[in-house]
Amino acid sequence: MSQERSPLKYLIAGAFGGVCTVLSGHPLDTIKVRIQTRPEEYKGTVDAVQKILTREGPLGLYKGMSAPLLSIVPMFSITFLGFGFGKKLVSKPDQEVLTRPQLVLAGMFSGACTTVITVPGERIKCLLQVQAVDSRKYTGFADCAVKLWKEGGIRNFYVGTCATLLRDVPATGVYFFTYETIGEFLARTYGEAAMWQPLVAGGCAGIMNWVVGMPADVMKSRLQTAPLGTYPRGVRSLFPELVRQEGLLVMYRGVGPVMIRAFPANAACFVGLETAMKFLDAFLPWL
């Protein structure tokens, strides 16, 4: 996007890009969560797909999708606003181009800002994704939210907050660093930006995001789907138990579907973003 646009346009287009990300990537996210939380039942990506389709049908891959869809608008708005504000915080007066370390710090600030919305949405999403067809506790997003509130109040929505911060703060920093670095390289090498350039940069950024964030994501999924009180000290209780029982490689359990999803999901996000921007420019130029 070469021309400067209003914050409202970025908000709307970014939200639409996020919706595209969820629609394209949620099935593999469901597989990831199942593998992470039920290692005794699902042996890998192919095995998980076969069992979910056999037992639950294609819609089983879209369990819990309402949670990320409902949270995507505020999450993306906070992500972009947080990154913009983070750039101002780390930049010097009159500095036009940020250094690489500054980009990382601004991205880390953005990741911290989104936690307040990310944690409750992912808590509900994970609980909906892992429940079996024949023993459903929650009938949907609203039912899950009400029952979580009755069982533990607002704190029950924020189970896994520490693990989410451990995932999103460094991973978002790496994400923006990767996107900006590859985007600038492609622009210098191939000239004026074309559609494929942000797709490549965004896809690579998505992959690097998960390389960094995967271990904490495994812990987040375990914490958010375990009965209350299972891990009284959160990550400090869970991490040594996981390593002792399943080894260090457990921290990358579910990495297959994550990496398969990362590139196309981020590509879909940028396609949605650019499409929405063009629509807004053409039909709502006054925004």
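**Helices α4 and α8.** Helix α4 (residues 100-113) packs against α8 at an angle of about 135°, and their axes are 7 Å apart (axes are lines fitted to C-alpha atoms, for helices over the stretch in contact, and angles run from 0 to 180 degrees between N-to-C directions). Helices here are DSSP runs of H or I with at least four residues, numbered from the N terminus. α4 and α8 are therefore oblique to each other (under 35 degrees is roughly parallel, over 145 roughly antiparallel, 65 to 115 roughly perpendicular, and the rest oblique). Their crossing is right-handed, the near helix being turned clockwise from the far one by less than a right angle. On the α4 side, the contact is made by R100, L103, V104, G107, M108, S110, G111 and A112. On the α8 side, L165, D168, V169, P170, T172, G173, F176, F177, E180, T181 and E184 take part (contact means heavy atoms within 4.5 Å). The residues of this contact of α4 with α8 divide into 9 nonpolar, 6 polar and 4 charged (Ala, Val, Leu, Ile, Met, Phe, Trp, Tyr, Cys and Pro count as nonpolar, Asp, Glu, Lys and Arg as charged, and the others, Gly among them, as polar).

The model shown in every view is predicted, with local features needing pLDDT of at least 70 and side-chain atom pairs counting only at pLDDT 80 or more, while totals for chains, interfaces and linings use all residues. Residues are numbered from 1 along each chain as its sequence is written, and side-chain values use heavy atoms, with hydrogens and water left out.

**F109 in helix α4.** This view is centred on F109, a residue of helix α4. With 28% relative accessibility, F109 counts as partly exposed (buried means under 20% relative accessible area, exposed over 50%, and partly exposed in between, for a 1.4 Å probe and protein chains only). Leaving out residues up to four places away in sequence, F109 touches G82, F85, G86 and L89. Of these partners, G82 is 27 residues from F109 in sequence, and the two C-alpha atoms are 6.5 Å apart in space.

**Helices α5 and α8.** Helix α5 (residues 115-130) packs against helix α8 (residues 161-190) at an angle of about 120°, with 10 Å between their axes. This angle makes α5 oblique to α8. The crossing in which α5 passes α8 is right-handed. In α5, the residues at the contact are T115, T118, V119 and E122. They meet T161, T164, L165, R167 and D168 in α8. Sorted by class, this contact of α5 with α8 has 2 nonpolar, 4 polar and 3 charged residues.

**Helices α5 and α9.** α5 also packs against α9, at an angle of about 70° and with the axes 9 Å apart. That angle makes α5 roughly perpendicular to α9. The contributors from α5 are V119, E122, R123, C126, L127 and V130. Those from α9 are K220, S221, Q224 and T225. By class, the contact of α5 with α9 comprises 4 nonpolar, 3 polar and 3 charged residues.

**K125 in helix α5.** The residue at the centre of this view is K125, found in helix α5. K125 has a relative accessible area of 6% and is buried. Apart from its neighbours within four places in sequence, K125 is in contact with H26, D29, V33, G64, A67 and P68.

**R222 in helix α9.** R222 lies in helix α9 (residues 196-225). A relative accessibility of 10% means that R222 counts as buried. Not counting residues up to four places away in sequence, R222 touches Q36, T37, P39, Y231, L238, L242, E246, V250 and R253. Q36 and R222 are 186 residues apart along the chain, with 7.2 Å separating their C-alpha atoms. The backbone oxygen of Q36 lies 2.3 Å from a polar atom of the R222 side chain. The side chains of R222 and E246 make a polar contact (3.2 Å); the term denotes a pair of N or O atoms within 3.5 Å, where, within protein, one must be able to donate a hydrogen and the other to accept it, and residues adjacent in sequence count only if both atoms are side-chain atoms.

**C269 in helix α11.** C269 has its place in helix α11 (residues 255-283). At 9% relative accessibility, this cysteine, C269, counts as buried. Its contacts, leaving aside neighbours within four places in sequence, are with G17, G18, T21 and F76. C269 and L28 stand 241 residues apart in sequence and 16 Å apart in space, C-alpha to C-alpha.

Note on methods
Helix = DSSP H or I, 4+ residues; strand = E, 2+ residues; numbered from the N terminus.
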